[in-house]
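Welcome to this guided tour. Open your viewer, get ready to select residues as we go, and take each stop at your own pace.

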Amino acid sequence: MPIIIFIIFIILILASCVKIVPQAHTYVIERLGTYNTTWTAGLHVKVPFIDRIARKVTLKEQVVDFAPQPVITKDNVTMRIDTVVFYQITDPKLFVYGVESPIMAIENLTATTLRNIIGDLELDETLTSRETINTKMRATLDEATDPWGIKVNRVELKNIIPPSAIQDAMEKQMKAERERREQILIAEGEKKSAILRAEGHKESKILEAEADKTAAILKAEAAKEAKIREAEGEAQAILSIKQAEADGIKFLKEAGADASVIQLKSLDAFAKAADGKATKIIIPSDIQGMAGAVKSLVEVAKED
């Protein structure tokens, strides 16, 4: 019976010496009170009663949110700023043996670094230079925590809380700025509206003038076309008369008419030309002789 108990005791001791380290974790092992090795992920066996796990360290990125810290700006304005630090352990041995309380050390270092940076800035610069402050703090903290086996990946200013009086003044300033922008937008809208109305009136006047001009041009062209057609009609009428006269003369010639008949036709043409409207007609001498002969024949005819 005692042998069985002893065997079970030995088995339990051996089982306790077998350790499995999870992924993204490390175990710092001490042998007889001094650092021996660092176990990474996997299966490991320690020496009973000699080796011990000094500390289990995670290699994942971690975040710590520090309480608001009072800081004073260059223009003597006291405000409270809380920060968020993202860090990662890169050397488990330095992390275990480098500093007693790493998180407390980072918090104090963050507070002092923040005071140093904010002390060189005025209030307005502090409110508008978050990215610059974050970059400076990350560089300073990363350099300071390197001997502790810690890498600071990012530092963010979570809240910047100025005094209540400053907040009230800022709110009034923001309200005044919004009202000023509103008035500017209203004025610009009215200006654009007036410009558009003026441009519309101008366009309407231009279109009206162009319409009047087009109407006048069309009227003039119509009058010109009417005169041209009238002149063409008169020319056509004259041409028709001349053609008829030419055809008549040609007909007389083809019919064998003598000079007397032609002279009579000429006299008849002069009579038609007078048409009772002319007060004086100049008749060629040969036609005048022919007219006298005709008159004599008429008188002889009457006597008979």
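## Stop 1: Thr73 and its surroundings

Select Thr73 and show what surrounds this residue: apart from neighbours within four places in sequence, Thr73 is in contact with Met79, Ile118, Gly119, Leu121, Glu122, Leu123 and Thr126. A word before you go on: the model you are looking at is predicted.

Where does Thr73 sit? Colour the loop between strand E7 (69-72) and strand E8 (78-89), and you will find Thr73 there. Is Thr73 buried or exposed? Its relative accessible area is 3%, so Thr73 is buried.

## Stop 2: the hairpin of E7 and E8

Now select both strands beside that loop. E7 and E8 run antiparallel and are joined by four bridges. Pick out Val71 to see one residue facing its partner: Met79 in E8 stands opposite. Met79 is also among the contacts of Thr73 that you just displayed.

Next, show the side chains of E7. In a regular strand, side chains alternate between the two faces of the sheet. Which side chains of E7 are buried? Gln69 and Val71 are buried and point to one face, while Pro70 and Ile72 point to the other face and are not buried.

Before leaving, click on Asn76. The hairpin has five residues between its strands, and Asn76 takes a positive phi near 65°.

## Stop 3: two helices that cross

Select helix H3 (residues 102-118) and helix H5 (residues 130-145). Two packed helices are described by the angle between their axes and the distance between the axes. Here the axes come within 10 Å and cross at roughly 140°. H3 and H5 are therefore oblique to each other, and H3 passes H5 in a right-handed crossing.

Show the side chains where these helices meet:

- From H3, select Ile106, Leu109, Thr110, Thr113, Leu114, Ile117 and Ile118.
- From H5, select Ile133, Lys136, Met137, Thr140, Leu141, Ala144 and Thr145.

Colour the contact by residue type: nine of its residues are nonpolar, four are polar and one is charged. You have met Ile118 before, as one of the contacts of Thr73.

## Stop 4: a three-stranded sheet

Strands of a sheet pair through backbone hydrogen bonds, either parallel or antiparallel. For an example, select E3, E2 and E5, which form an open sheet in the order E3-E2-E5 with antiparallel pairing. Strand E3 (34-39) and strand E5 (51-58) stand at the edges with a single partner strand each, so one side of each has no neighbour in the sheet. From one strand to the next, the twist averages 25°.

Zoom in on strand E2 (residues 25-31) and E5, which pair over seven bridges. To find a bridge, select Glu30: its partner in E5 is Arg52.

## Stop 5: Tyr97

Keep Glu30 in view and select Tyr97, which lies in helix H2 (residues 92-98). Leaving aside neighbours within four places in sequence, Tyr97 is in contact with Val28, Glu30, Tyr35 and Ala54. Its relative accessibility is 39%, so Tyr97 counts as partly exposed.

Add Trp148 to your selection. Tyr97 and Trp148 are 51 residues apart along the chain, and their C-alpha atoms are separated by 7.8 Å.

## Last stop: the whole protein

Zoom out to the full model. How many helices and strands does the protein have? There are eight helices and nine strands. Of the 304 residues, 21% are buried.

Notes:
Residues are numbered from 1 along each chain as its sequence is written. This is a predicted model: local features need pLDDT of at least 70, side-chain atom pairs count only at pLDDT 80 or more; totals for chains, interfaces and linings use all residues. Side-chain values use heavy atoms; hydrogens and water are left out. Axes are lines fitted to C-alpha atoms, for helices over the stretch in contact, and angles run from 0 to 180 degrees between N-to-C directions. Helices (H or I, at least four residues) and strands (E, at least two) are DSSP runs, numbered from the N terminus. Angles under 35 degrees count as roughly parallel, over 145 as roughly antiparallel, 65 to 115 as roughly perpendicular and the rest as oblique. A crossing is left-handed if the near helix is turned anticlockwise from the far one by less than a right angle, and right-handed if clockwise. Contact means heavy atoms within 4.5 Å. Ala, Val, Leu, Ile, Met, Phe, Trp, Tyr, Cys and Pro count as nonpolar, Asp, Glu, Lys and Arg as charged, and the others, Gly among them, as polar. Buried means under 20% relative accessible area, exposed over 50%, partly exposed in between (1.4 Å probe, protein chains only). Two strands pair if DSSP finds at least two bridges between them.
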